[in-house]
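This report is meant for a reader who is meeting the structure for the first time. Please look over the sequence and the model before reading on.

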Amino acid sequence: MEILIISGLSGSGKSQAASYLEDIGYYTVDNLPAEMMVKFAEFCVASGGHYDKVALVYDVRAGEPYTELVEAMDQMRSIGVVCRMLFLEASTQTIVNRYKETRRLHPLAGRGHSIEESIQAEREMMQPIRDHADFIINSTSYSTAKLRSELLNIFGGQNDRSGLNVNVLSFGFKHGIPIEADLVFDVRFMPNPFYEEELKHKTGLDQPVRDFVFSFRQTHDFMEQLEKMLSFLLPLYSEEGKTVLVIAVGCTGGHHRSVAVAHELAEYIAKAGYQVTENHRDISR
């Protein structure tokens, strides 16, 4: 089994890092003292694989000599645990700005220090731990997406880096725009099968409706432009670290045009190599 110790300066991104690692299968525990880590590791080893990837957040709040952490890591390795340490840091000004944004107190601020003095004191206290780190990330210029991407590159498997999941959703405007939508496209300009008696009670998943919707030049022109736009946007969303993108396609009632277009769009995105989920919110209304 593997235990990853997440340590570093307060405000450098340890909590975010733990959350991202949790997303890729790590069981995370915050602020666990070193003396308890060995017992926890023994419990995990005895669990028979239930806890094969664990991330333990360790910081200045533990209030113990760094040697105890080093000794705990050595003990965990002695019982067959792969034990590594990730250390996060950032510039003093970046940490000051983050604390101002969150309006939280620095853990050492109660000792009469200014926030800058608290950061410097913590930096000195944590230096011996930093010296034992296997990985060091300076998050000064990192967006949350960049931090996530960096952690996936280091600790994620191929499936974790598989990228963007796209949810293509059809809907009817008369029932409201889906609040989860990232991109919304209106196809009410297309001729409406609802006014064709033989199509009125069918849906966009039925071939006759699909054939009707795609029998018009404007539908093909629209799809061509939309596919060009998405071929440009999807790699950029993926590169930025976005994991889920909801594309909503709307017509009046959500039965015909939006369904046919969303289905066609989902097939295009899947062929482009992305994981796709197709949903039709209002098809049965």
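The sections below describe a sheet, the helices that lie across it, and a selection of salt bridges.

## The sheet

The model is a predicted one, and a convenient place to begin is an open sheet of five strands, arranged in the order S2-S3-S1-S4-S5 with parallel pairing. Strand S2, covering residues 27–30, and strand S5, covering residues 135–138, stand at the edges with a single partner strand each, so one side of each has no neighbour in the sheet. From one strand to the next, the twist averages 20°.

Within this sheet, strand S1 (residues 2–8) and strand S3 (residues 53–57) run parallel and are joined by five bridges. As an example of the pairing, leucine 4 has alanine 55 in S3 as its bridge partner.

## Helices across the sheet

Helix H2, which spans residues 34–46, lies across S1, S2 and S3, and runs at about 165° to S3. Helix H5, made up of residues 115–131, lies across S1, strand S4 (82–89) and S5, and its direction is at about 150° to S4.

## Salt bridges between distant parts of the chain

The structure holds nine salt bridges, and one of them brings together the side chains of glutamate 89 and arginine 130, at 2.8 Å from N to O. This pair links distant parts of the chain, since glutamate 89 belongs to strand S4 and arginine 130 to helix H5, 41 residues apart. Glutamate 89 is buried, with a relative accessible area of 11%, whereas arginine 130 is partly exposed at 24%.

Another salt bridge is formed by arginine 210 and glutamate 264, whose closest N and O atoms are 3.2 Å apart. Here, too, distant parts of the chain are linked, with arginine 210 in helix H7 (residues 207–213) and glutamate 264 in helix H9 (residues 257–271), 54 residues apart. Arginine 210 counts as partly exposed, at 25% relative accessibility.

## A salt bridge within one helix, and a network

What separates aspartate 221 and arginine 217 along helix H8? The two residues are four residues apart in this helix, which spans residues 217–240, and therefore about one helical turn lies between them. Their side chains meet in a salt bridge of 3.1 Å, N to O. Arginine 217 is exposed, with a relative accessible area of 54%, while aspartate 221 is partly exposed at 34%. Elsewhere, Arg281, Asp282 and Arg285 are joined into one network by salt bridges that share partners.

How values were computed. Residues numbered from 1 in each chain as written. Predicted model: local features only at pLDDT ≥ 70, side-chain atom pairs only at ≥ 80, totals over all residues. Heavy atoms only, no water. Pairing = 2+ DSSP bridges. Axes fitted to C-alpha atoms, helices over the stretch in contact; angles between N-to-C directions. Contact = heavy atoms within 4.5 Å. Salt bridge = Lys/Arg side-chain N within 4 Å of Asp/Glu carboxyl O. Buried < 20%, exposed > 50% of the residue type's maximum accessible area, 1.4 Å probe, protein only.
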